[in-house]
Amino acid sequence: MLYLEHQPHPALKPFIKALWYVRDPHAIHRHERVLPTGRAQIVLSLARDYLTDASNPANPLEHSPAGIFLGIYSRYQQIDAIDLTELIGVVFHPGGTVPFFSGNTRLFTNCETSLDDLWGRASQNLRNELRELQTPEEKFALLEFALLTRLSLSKSQRRDPILDYALTHLHASPGTTTIAELTRTTGLSPRRLSERFNELVGISPKLYCRIQRFQQAIQQMHLGADIPWAELALTCGYYDQSHFANDFRAFSGLSASDYSTTNRIWANHIPID
């Protein structure tokens, strides 16, 4: 399997975390559970004219569009590893989708939307041109150019400074930063802060904080940190081990013990068959 990440052009960096490309000529039908990260993505299939819909294993003939926009998910998703034959995608920073997709970001939460429905013919043209290119570097360059073009045409070319202030504090200490603290330091009421998060990020600040706390635990566990569950829970800002266990299962559908024993390549991809 080949997996590459590409750092975006400086003009895109405030909005986009990375572009990525994966190619696995030996990919087979195998289901994987993808854990929530608090980030939206674009996914484009370059191997075939559809993505496999793994959400309904009872009907394997169901397919998703070849190009999709995935809003932030507050629960795990299920994918078919056969799609890893060849994919390219974009990972957005929270709040970074605004220049590229009009409307309230909340509308895209916990769902996938056809990129053709959002970008029209431009989406189809982009995917066709990407498939004609030979190297990952050429594909990254074309995808980056398409994103730069959309950014240049957008009316929202700057990030919201209050949102960025809140996100900076949440990322620095997702386990200890409180919504009360954010409302006090930003000058926004709890209701207005929640409205801004829902509109620009797609979820509430409280839920976003929970996902980041969960991710903090996931990353430590994936690196093989030998930490007792109770200590890990406190390190990541949970009240106690029970709180940690409940949140872990809510986001992953697994116990922390089950996760720690899975044979996985990536922290957020869990083979399930």
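Okay, one term before anything else: buried means under 20% relative accessible area, exposed means over 50%, and partly exposed is whatever falls in between. I need that for Asn110, which has 22% relative accessibility and therefore counts as partly exposed. And a reminder for everyone, this is a predicted model.

So, staying with Asn110 for a moment. You'll find Asn110 in the loop between β9 and β10, with β10 running over 112-114. What's the sign of its phi, positive or negative? It's positive, near 60°, and this is a residue other than glycine. For context, most residues other than glycine have a negative phi. There's another positive phi to look at, at Gly202, just following α6, and that value is near 115°.

That brings me to α6 itself, residues 190-200. Which of its residues are buried? Leu193, Arg196, Phe197, Asn198 and Leu200. As a refresher, an α-helix has 3.6 residues a turn, so residues three or four places apart point the same way. Back on α6, the cover over its buried residues includes α4 (161-172), α5 and α7.

Now α5, residues 179-186, which is where Thr183 sits. Thr183 comes in at a relative accessible area of 13%, so it's buried. Who does Thr183 touch, once you leave aside neighbours within four places in sequence? Leu188, Ser189, Pro190 and Leu193. Leu193 is also one of the buried residues of α6, so you can walk from one helix to the other through that contact.

Okay, nonpolar cores. The largest has 33 residues, and the members touching the most others are Phe197, Phe244, Phe248 and Tyr259. Phe197 we've just met, as a buried residue of α6. Which elements build this core? At least two residues each come from α4, α6, α7, α8 (229-235), α9 (241-252) and α10 (256-260). The largest share belongs to α7, with eight residues. Apart from that core there's another one, of 26 residues, and Leu44, Val90, Phe101 and Leu143 are among them. In general, nonpolar side chains tend to be buried together in soluble globular proteins.

If you want a residue to click on in the larger core, try Tyr259. Beyond its neighbours within four places in sequence, Tyr259 is in contact with Leu35, Ile218, Met221, His222, Phe248, Arg264, Ala267 and Ile270. Phe248 is on that list, and it's another of the core members with the most partners.

Let's do pockets. The largest has a volume of about 1,300 Å³. Of its 44 lining residues, Trp20, Val34, Thr37, Gln41 and His269 are the closest to the centre. Where does the lining come from? Elements supplying at least two residues each are β1 (2-6), β2 (16-23), β4 (41-45), β5 (51-52), β7 (67-70), β8 (77-80), β9 (86-92) and α7 (205-222). The top contributor is β2, with five residues. Sorted by class, that lining is 22 nonpolar, 14 polar and eight charged residues.

The second largest pocket holds about 260 Å³. It's lined by 13 residues, and the ones closest to its centre are Lys206, Cys209, Arg210, Arg213 and Tyr239. Here α7 gives the most, four residues. By class we have four nonpolar, six polar and three charged. So α7 turns up in the lining of the largest pocket, in the lining of the second largest and in the largest nonpolar core.

Cys209 was on that last list, so let me deal with cysteines. How many disulfides are there in the whole structure? Zero. For Cys209, the nearest cysteine sulfur belongs to Cys236, and it's 12 Å away. A disulfide would need the two sulfur atoms within 2.5 Å, so that pair doesn't qualify. Are they buried or exposed? Cys209 has 5% relative accessibility, so it's buried, and Cys236 is buried too, at 0%.

Last stop, cavities. The count is one cavity of 30 Å³ or more, and the largest cavity has about 60 Å³ of space. Of the 14 residues around it, Ala40, Ile72, Thr97, Thr105 and Val201 are the closest to its centre. What's the mix by class? Eight nonpolar, six polar and no charged residues. That's me done, over to you.

Conventions. Residues are numbered from 1 along each chain as its sequence is written. This is a predicted model: local features need pLDDT of at least 70, side-chain atom pairs count only at pLDDT 80 or more; totals for chains, interfaces and linings use all residues. Side-chain values use heavy atoms; hydrogens and water are left out. On a 1 Å grid over the protein atoms alone, a cavity is a set of points where a 1.4 Å probe fits but cannot get out, and a pocket is an open set with protein on both sides within 12 Å along at least five of seven lines; lining residues have an atom within 4 Å of a point. Grid points are joined across faces, edges and corners, and a volume is the space filled by probe spheres set on the points. Ala, Val, Leu, Ile, Met, Phe, Trp, Tyr, Cys and Pro count as nonpolar, Asp, Glu, Lys and Arg as charged, and the others, Gly among them, as polar. Buried means under 20% relative accessible area, exposed over 50%, partly exposed in between (1.4 Å probe, protein chains only). Contact means heavy atoms within 4.5 Å. A nonpolar core is a set of buried Ala, Val, Leu, Ile, Met, Phe, Trp, Tyr and Cys residues joined through side-chain atoms within 4.5 Å.
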